[in-house]
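Here are some exercises to work through with the model open beside you. Try each task yourself before reading its solution.

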Amino acid sequence: MPLEILHGTNFATVDWIIVGLYLAISVMIGLEVRRYVNSMAAYVGAGRQVGTWLGIATMTGTEMGLITVMYNAEAGMKGGFAAFHIGVIAGLVTLIIGLSGFIVGPLRRHGVLTIPEYYERRYGRNVRIVGGIILAGAGILNMGLFLKYGSVFIVGITGMNPNGNAVATVMTVMLLLVLFYTVLGGMISVVITDYLQFVVLSFGIVVTTVLAINQLGWQEIVSTVESRMQLGGFDPTASPVFGPSYVMWMIAAGLVSCAIWPTAVARALAMKDERSVRRQYTFSSISFAVRAIIPMFWGVCTFVWIANHAPENIQQHFLPNQTGGINPELADRFYAMPIYLGQLLPSGLIGVITAAMVAAFMSTHDSYLLCWSSVITQDVIAPLKNDNLSVRARIAITRCGIVCIGIFVWWWGLFYPGGGGLWEYMVITGAIYFTGAGVLLVGGLYWSRASRRGAMAALLTGCSALLGLGPIRTRLTDLLQSSTGLELKLTEAHVGLFSVCLTIVVFVLVSLCCPDDPAEDPLTAADDKLAAAGEES
Amino acid sequence: MTIWQTIWAITLFGLLAVFVVLAVAVTVLGARDVIQMLQGLNDQLEQSADEQDEPARPPSE
């Protein structure tokens, strides 16, 4: 990358002070709330004391991470305004979930802490353990690139040299900070820092968007997208980047990201009651749309800025062709948006925005680390030990798990070769879990004939989404092309949709062919065990 | 193409306006929820401390 552009960033000493202050406050909160952690419910579910408005803040804080900003900006840079359809679908699906209470309402009524806990109530212990392993595995893989691309943003906006060890250094420092206060405070510190993040980030994204429109002008933004991308820059079904199968895939992803994805559902399960859950989802629908559309718009503005205002060598680097969006094959394309923000925002404000982004980075990490680690503890290790684990042991295992996952994420971020877009990576890794989980939840909550064997088969079939992962999909495409002789272009959307359909078919067929024995009702057995565990804790 | 441009303009500016209102509401009412949550957790903490103390009390009490 031409490095001279990095010297143009407005990041100054005062901005470092602002970011430092924010980080110090976050760590102090982690230390302060440590005294409230006296049970697993307090550590993992904030003692179920979260009200509606705080619930909206924490859900937004978690789901609007720095990685979200990065992958949505990438979608905007590549696909123009057409990328907005992802945000619109996400917002509409969340609104429908909030108004109807679909999935999340009955789940909260069951009073479970995690989704695999529900698996046990409905399908038995084995499904819970297998579901927990798949969930944690897919979830950890899903967050594998969070640390790297969050660090890329910080390196880009602050103007550090990306060719040195800057990314690896920032990754290490940020990870240590997140581990420190997540291990200490659990969900209570997560909820409070999420609230702080919501306040800072809301201010930041509104001001940045207004500044971007003011600098470039709405007319210039629209006309540049129109001249370089034509109709495909606006209509997602006509876009070479998206297309009809991608839009369908996004409908599935929209449902999953709010109603099935465990970090979002964890917020629902930490709410006071079902009414609060539904209100939380109804209002959060705005945040779910904003978290996608605003960063996408920043991506569009970055593209317009590079096309019309950046030095020629920068234009040549990011936009080598006269038509289309930013070069999707470019490994350093993720630096474009933070560099643009670094030049757009004045000193002082850039510090606030960076603090907000660092907050977003940290709140996503803490929530995800806590979520996956508590799944391993509650849904894999504890059931394997027949629930003979003390509260202290559970919290200790969860804390160890957080550290181990953190180390894995650091390693994966440095060494994963990549391939395809960042958002596509997120969805396909998530699909390893959600194709099975979605079918199990909907089937378990709304279909009385769903059986344990059907559930187990669906969970395992859902893992077929793994075939959509960049390097595996490339080999699969080559294999299909050489065996059939046809010119096939297999996308993440194709593999994901195939996996979802296959999982539904397998679940229904196996449930009908192998129904449960009424004498072995997991609902009764699990209720007894959970009641006993509850009394013990 | 003009229809799409209008749709995305309304989506962006409409969403931004609604988000500003939501952000103000969540900032104010969320602060109240944080205080209530900490009070609730404090009560839980005191309750569990009382329960731990109970077996240690002499039977005459």
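**Exercise 1.** Find the salt-bridge partner of A:Asp516 and say where each residue lies.

*Solution.* Start with the cut-off: a salt bridge puts a side-chain nitrogen of Lys or Arg within 4 Å of a carboxyl oxygen of Asp or Glu. In this predicted model, local features need pLDDT of at least 70 and side-chain atom pairs count only at pLDDT 80 or more, while totals for chains, interfaces and linings use all residues. Side-chain values use heavy atoms, without hydrogens or water.

Step 1: the partner is A:Arg452, with the closest N and O atoms 3.5 Å apart.
Step 2: A:Asp516 sits in the loop between helix H22 (492-513) and helix H23 (522-536) of chain A, and A:Arg452 belongs to helix H20 (residues 452-462), so the pair ties together parts 64 residues apart in sequence. Helices here are DSSP runs (H or I, at least four residues), numbered from the N terminus.
Step 3: check accessibility, where buried means under 20% relative accessible area, exposed over 50% and partly exposed in between (1.4 Å probe, protein chains only). A:Asp516 is partly exposed because its value is 24%, whereas A:Arg452 counts as buried because its value is 18%.

**Exercise 2.** Which parts of the chain does the pair A:Arg333 and A:Glu74 link?

*Solution.* Step 1: these side chains form a salt bridge at 2.8 Å, N to O.
Step 2: A:Arg333 is in the loop between helix H15 (312-318) and helix H16 (336-344) of chain A, and A:Glu74 is in helix H4 (residues 66-79), 259 residues apart.
Step 3: both A:Arg333 and A:Glu74 are buried.

**Exercise 3.** Describe the contact between chain A and chain B.

*Solution.* Step 1: with contact meaning heavy atoms within 4.5 Å, chain A brings 46 residues and chain B 33 residues.
Step 2: about 3500 Å² is buried between the chains, and carbon and sulfur atoms give 81% of that. This area is the accessible area (1.4 Å probe) that the two parts lose on being put together, summed over both.
Step 3: the rule finds 0 salt bridges across this interface.

**Exercise 4.** Compare the span of helix H18 (residues 391-415) of chain A with the expected value.

*Solution.* Step 1: the expected span is 1.5 Å times one less than the number of residues.
Step 2: for the 25 residues of H18(A) this gives 36 Å, and the end C-alpha atoms are 36 Å apart, which agrees.
Step 3: buried residues in H18(A) include A:Ile395, A:Ile402 and A:Trp412.

Note on methods: Residues are numbered from 1 along each chain as its sequence is written. Chains are lettered from A and ligands numbered from 1 in the order in which they are written. Helices (H or I, at least four residues) and strands (E, at least two) are DSSP runs, numbered from the N terminus.
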